[in-house]
Amino acid sequence: MRQASTILSFTTPGRGLTEITREVAGWLGTTGIGEGLVTLLCRHTSASLLIQENAARAVRADLAAWFERLAPEGDPYAHDDEGPDDMPAHLRATLTGVTLPIPVLGGRMMLGTWQGIYLAEHRRIGHTRQIAVHVIGE
Amino acid sequence: MRQASTILSFTTPGRGLTEITREVAGWLGTTGIGEGLVTLLCRHTSASLLIQENAARAVRADLAAWFERLAPEGDPYAHDDEGPDDMPAHLRATLTGVTLPIPVLGGRMMLGTWQGIYLAEHRRIGHTRQIAVHVIGE
Amino acid sequence: MRQASTILSFTTPGRGLTEITREVAGWLGTTGIGEGLVTLLCRHTSASLLIQENAARAVRADLAAWFERLAPEGDPYAHDDEGPDDMPAHLRATLTGVTLPIPVLGGRMMLGTWQGIYLAEHRRIGHTRQIAVHVIGE
């Protein structure tokens, strides 16, 4: 049994979802671990991680509109030092969470056919986001 | 230290929660692992996993009504190729997430007295859903 | 490779967020595990776990108001045996979830600079809450 760790960095183009499945799978491949558990942690409080439909682009637009509806920018927030998009970003990050544990078998993450891993940027402007990744197995 | 992996399949009766605690515990028992970590991944984008109250049936009804309120079927969605219940299903799956890591001790998952593991079907019609399960420990 | 398990107990002062980062890190330090994976499970259905901003206090107030808006006490719930704050507490716990897997490297959890681990109490009155903690690594 062995393990490996890394930090993957992604520069987001601003608010929205960036698929990172390929990058995570690529790093997993370099570890040579065939069966095990990979865990991701987004090291930020205004960006988050989720697993969603990797096919239909319209799903991403609907998700964005839904985030906007559940945690709107217009609401009166106590925390607004960093701009009107900051507190909604924290709330939207809370909605999906910042951690993802994913079983690995046959050298591949056990995601379903239509599932992809997404980094959700919740600030208006793009940022460089760090994802800590750990794998354990053999 | 060792590990084991499987896929458990469940046929849901349509929208709602199906408790799967016993099936997961049953498989865990066959691995003989007494202390460790079990991780579940629902391999679908319109079904999800959550840990909730396993006693009161009314809790499940309230949860269903709440999912309906936060991600209603009536909203205008861009993604509607697969019917009016599809995009709300993706959103509701996003709400609870599709992964669950659970510590194991004394051969049992460390769930609280009132906690059960639930597979949430978010489509109107029942489906066969696959849950990838991994355990590591000794 | 080795592992360790414990249960950490926290007495909450009533509804709100209690930071538990230091207690988890303290226990992790006693295990001597430098690289690995730590996993937390809140063993209750009306309290939950999340990772959020550990600096600005206003963020916590906004989070509380947002929980109240998404799962209000005033709604008519089928499950109300344990008081009007019980079912909203279950819903709010569902919103953030009760599990957190966190990669460890260099003897520290890989949290970002501004991230802290919070136990969210969703009942009006304080309770003693148990968090099962597991770590595997070396």
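Q: How many residue pairs are in polar contact across the interface of chain B and chain A?
A: In this predicted model, the rule finds 15 such pairs, both residues at pLDDT 80 or more. On the chain B side, β1 (2-11), β3 (36-42), α3 (86-96), β5 (99-105) and β8 (128-137) each supply at least two of the residues that touch chain A. The largest share, six residues, comes from α3(B).

Q: What makes the pair R69(A) and D75(B) a salt bridge?
A: The cut-off is 4 Å between a side-chain nitrogen of Lys or Arg and a carboxyl oxygen of Asp or Glu. The side chains of R69(A) and D75(B) meet at 3.4 Å, N to O, so the pair qualifies under the 4 Å limit. The count between chain B and chain A is one salt bridge.

Q: How do you know how much area chain B and chain A bury between them?
A: Buried area is what the two parts lose in accessible area on being put together, summed over both. For chain B and chain A that comes to about 2,600 Å², with 65% of it on carbon and sulfur atoms. Within chain B, Q3(B), T45(B) and T94(B) lose the most area to chain A, together 21% of what that side buries.

Q: Why is the relation of chain B to chain A called that of a three-fold axis?
A: A turn of 120° and a shift of 0.0 Å along the axis lay chain B on chain A with an RMSD of 0.0 Å. That is the relation of a three-fold axis. The copies use different surfaces, as 19% of the contact residues of chain B recur in chain A.

Methods:
Residues numbered from 1 in each chain as written. Chains lettered and ligands numbered in written order. Predicted model: local features only at pLDDT ≥ 70, side-chain atom pairs only at ≥ 80, totals over all residues. Heavy atoms only, no water. Buried area = accessible area lost by both parts, 1.4 Å probe. Polar contact = N/O pair within 3.5 Å; in protein donor to acceptor, adjacent residues only side chain to side chain. Helix = DSSP H or I, 4+ residues; strand = E, 2+ residues; numbered from the N terminus. Least-squares fit on C-alpha atoms with pLDDT ≥ 70 in both. Contact = heavy atoms within 4.5 Å.
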